[in-house]
Amino acid sequence: MAGDDEDTRPHAPRRVVLVTGASSGIGAATAERFAADGWIVHATARRADRLDALAADTGCVVHAVDVRDAAAMTALVDAIGPIDVLVNNAGLGRMDGTLAGSSLDDIVASVDTNVTAVLVVTAAVLRGMTERGSGHVVNIGSMAGLYPLAAASYGATKGAIHRLSTNLRLELRGTGVRVTEICPGRVQSEFYDVAITDPTRRAVTKDSGVDEVTAAEVADAIAYAVGVPAHVNINRIELQPTGQTYGGSQFDAASGEASP
Ligand code: NDP
């Protein structure tokens, strides 16, 4: 009889995750993964149509908001209530040229999105986490934040995320709140559609010629870091295609021109 099989044990409350930048790529895959694992997922981005599709597919609670809108993001965090995991994923690169050739808009957009918004949202979420004595902040950094890459402003923003992650671990010691930095190399996503406007350069840059890491594989890494027992903090995960390496020097005779 169906009644005999009924599970009458008290169920643990569903945990809550806030994923920023969930309308595509790593954020969408992360929201899908947490939803599939039974979490209550709050997913943010600007593109409402993409978010609506995510909600329909996964049951995520979606919020169309610009992550740079500090007042709106802080109000959202307060409205959600206790958040167990924050995934700071929303981000972008502006890679149309060198730093010297960048527009002011591109520089400001990169810093505001990749750094300032992360600080604002993390601060808002941490207030509750530290009060409760538990929680987990997952920052999506980049290999570009750890190793030299000819993308100065993007690397600067992700370098900031690296130092934020390590320093937060120190600030939060004794609170029970965990911090993880995820540093991907090349991942299949819409990143370069945003980063490079020239279609020819974009096509050449996107064609890495190797099997790239998928967004779902990054989501797996996030799920691993979150899923280990609470007394274990996964500090940092670096993952990149086997066919991609980091660092290395490039040698060019001086021509007086920087390479974009
Ligand atoms: P996508 O371009 O596919 O996704 C970026 C996400 O960020 C989108 O959902 C976008 O949503 C959101 N976003 C951007 N700006 C804003 C904003 N102002 N307000 C709200 N949401 C915003 O790229 P990825 O999935 O690759 O990027 C995710 C993260 O991974 C980024 O932080 C990126 O720097 C990092 N990363 C990516 C790598 C790669 O090779 N792809 C490698 C290493 C790190 P919307 O436009 O709808 O607002």
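The following questions and answers cover the sheet, two helices and the ligand site of a predicted model.

Residues are numbered from 1 along each chain as its sequence is written. In this predicted model, local features need pLDDT of at least 70, side-chain atom pairs count only at pLDDT 80 or more, and totals for chains, interfaces and linings use all residues, while side-chain values use heavy atoms, without hydrogens and water.

Biologist: Which strands stand at the edges of the open sheet?
Modeller: Strands are DSSP E runs of at least two residues, and helices are H or I runs of at least four, numbered from the N terminus. Two strands pair if DSSP finds at least two bridges between them. The seven strands are paired in parallel, in the order β3-β2-β1-β4-β5-β6-β7. Each edge strand has a single partner, so one side is left without a neighbour in the sheet: these are β3 (61–64) and β7 (236–239).

Biologist: Which residue of β6 is the bridge partner of Val138?
Modeller: Strand β5 (residues 135–140) pairs with β6 (residues 177–184) in the parallel sense, over six bridges. The partner of Val138 in β6 is Thr180.

Biologist: What angle does helix α4 make with β4?
Modeller: Axes are lines fitted to C-alpha atoms, for helices over the stretch in contact, with angles from 0 to 180 degrees between N-to-C directions. Contact means heavy atoms within 4.5 Å. Helix α4 (residues 104–132) touches β1 (16–20), β4 (85–88), β5 and β6, and its direction makes with that of β4 an angle of about 170°.

Biologist: How much of the ligand does the protein bury?
Modeller: A polar side-chain atom of Ser189 lies 2.6 Å from a ligand oxygen, and a polar backbone atom of Val187 lies 2.9 Å from one. Accessible areas come from the Shrake-Rupley method with a 1.4 Å probe; for residues, only the protein chains shown count as cover. Taken alone, the ligand exposes 880 Å², and the protein buries 96%.

Key
A polar contact is a pair of N or O atoms within 3.5 Å; within protein, one must be able to donate a hydrogen and the other to accept it, and residues adjacent in sequence count only if both atoms are side-chain atoms.
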